[in-house]
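Q: Please take a close look at one part of this model and explain which side chains meet there. Then follow the contacts outward and say where the partners lie.

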Amino acid sequence: MKQKRTYRLFFPLLALLLGASCSDWTETEGIDNTVYKPWEQNPALWADYTAALRAYKTSAHYLSYARLYNSPTPAASEQDFMRCLPDSLDIVTLTNADNFSAYDAEDMSTMREKGTRVLYQVDYASRKADYADATALSAYLDDVIAAVRTHGLDGYSFTTDPLDAAATATIVATLSAAKTDGQLLVFEGNPLSVAAADRAKLDYVVLDTEKAETMTDVRLQVLNATTYAGIAAERLLLAAEIDAPLQDADRTEYAAVEAVARCVVEYGPLAGFAAYNIAGDYYHADGNYRTIRAAIQTLNPSK
């Protein structure tokens, strides 16, 4: 009987103790999870860092250029915003600049701190049906110029239809006349699509090598641009899709961005490279950010 009585006393006591312990384990406790941005953690160090970045970008070096589809609706994540671009990037052109948002305006101060130039892209090649007549195109270009002025952007990039010489001439004449000191006018495509007399008005030409399958194809496009179109090598950039492959002469496959970075040196030296579609799969295992950074460091190892 004593043993049964002991059990009867023990189990309720055990349950009471366990209950108390579980209560301690599950009690809610506030944790400070505030995220402090770099400039908030150490403002002085951040100021030194950004000053070094700006100095690097004004020095002689190979350029890095990217397209960004800014402020999509809805935004998927931080990958859609300028503030998440690699710090060493020299130029970004906004392919959704017609819908420049309050978030883009916020990010402009960060771009200024880092010395990254921001361009408004006029993608006539894919939107020519919207501006088929000269009046519509001129009105749109006026809006573009006003937006660049309002938002403090650093110039323009554009694409064109190789078969529409009149529209191309209008775009070059209008944007080159509107460009102020320090602003850029960049053409993306085959420079033979631009009239010979207008090619001198372009600060840089980004060759459409994102369509190339081999490094030999890239080399031929460089020769075409420098020989037939008369574009100086130091004004040429080579484009690559961020997740595309590119083969060398032995048919060995490389990430296109890294491969064109090598081509910039081997086939030039050229001005630099351009990365397209960088927001796509931004956080994959290899990391688009890491891929771009590796290409920049390949070209500017001592910077």
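A: Side-chain contacts, starting from one strand

Leaving aside residues up to four places away in sequence, serine 64 touches Ser88, Leu89, Asp90, Ile91, Phe273 and Ile296 (contact means heavy atoms within 4.5 Å). The model is predicted, so local features need pLDDT of at least 70 and side-chain atom pairs count only at pLDDT 80 or more, while totals for chains, interfaces and linings use all residues. Residues are numbered from 1 along each chain as its sequence is written, and side-chain values use heavy atoms, with hydrogens and water left out.

Serine 64 is placed in strand β1; helices (H or I, at least four residues) and strands (E, at least two) are DSSP runs numbered from the N terminus. With a relative accessibility of 1%, serine 64 is buried. Buried means under 20% relative accessible area, exposed means over 50%, and partly exposed is in between, using a 1.4 Å probe and protein chains only.

Arginine 67 lies in strand β1 as well. Its charged end sits over the ring of tyrosine 276, 3.6 Å from the ring centre. For this, NZ of Lys or CZ of Arg must be within 6 Å of the ring centre and within 35 degrees of the ring normal. Another such case is arginine 262, whose charged end is 4.8 Å from the centre of the ring of tyrosine 254.

Side chains of opposite charge can pair when their charged atoms come close. A salt bridge is counted when a side-chain nitrogen of Lys or Arg is within 4 Å of a carboxyl oxygen of Asp or Glu, and the model has 10 of them. Arginine 67 forms one with glutamate 188, where the closest N and O atoms are 2.6 Å apart. This pair joins strand β1 (residues 63-68) to strand β5, across 121 residues. Glutamate 188 is buried at 6% relative accessible area, whereas arginine 67 is partly exposed at 23%.

A further salt bridge links arginine 112 and aspartate 154, with 3.2 Å between the closest N and O atoms. Arginine 112 is in helix α4 (residues 102-114) and aspartate 154 is in the loop between α6 (134-151) and β4, so this pair ties together parts 42 residues apart in sequence. Arginine 112 is partly exposed at 36%, and aspartate 154 is buried at 13%.

Lysine 179 and aspartate 203 also form a salt bridge, the closest N and O atoms being 2.9 Å apart. Lysine 179 is in the loop between α7 (165-178) and β5, aspartate 203 is in the loop between β5 and β6 (204-207), and the two are 24 residues apart. Lysine 179 is partly exposed at 25%, and aspartate 203 is partly exposed at 25%. Elsewhere, Asp98, Arg127 and Asp130 belong to one network of salt bridges that share partners.

Aromatic rings are the last topic. The structure has 3 aromatic pairs. In one of them, tyrosine 131 and tyrosine 140 are stacked, 4.4 Å centre to centre with 15° between the planes. Rings of Phe, Tyr and Trp (its six-membered ring) pair if their centres lie within 6.5 Å; planes under 30 degrees apart are stacked, over 60 edge-to-face, and the rest tilted. Both tyrosine 131 and tyrosine 140 are buried. Phenylalanine 158 and phenylalanine 187 form a tilted pair, 5.0 Å centre to centre with 45° between the planes. Phenylalanine 158 is in strand β4 (residues 155-159) and phenylalanine 187 is in strand β5 (residues 184-188), so the pair ties together parts 29 residues apart in sequence. Phenylalanine 158 and phenylalanine 187 are both buried.
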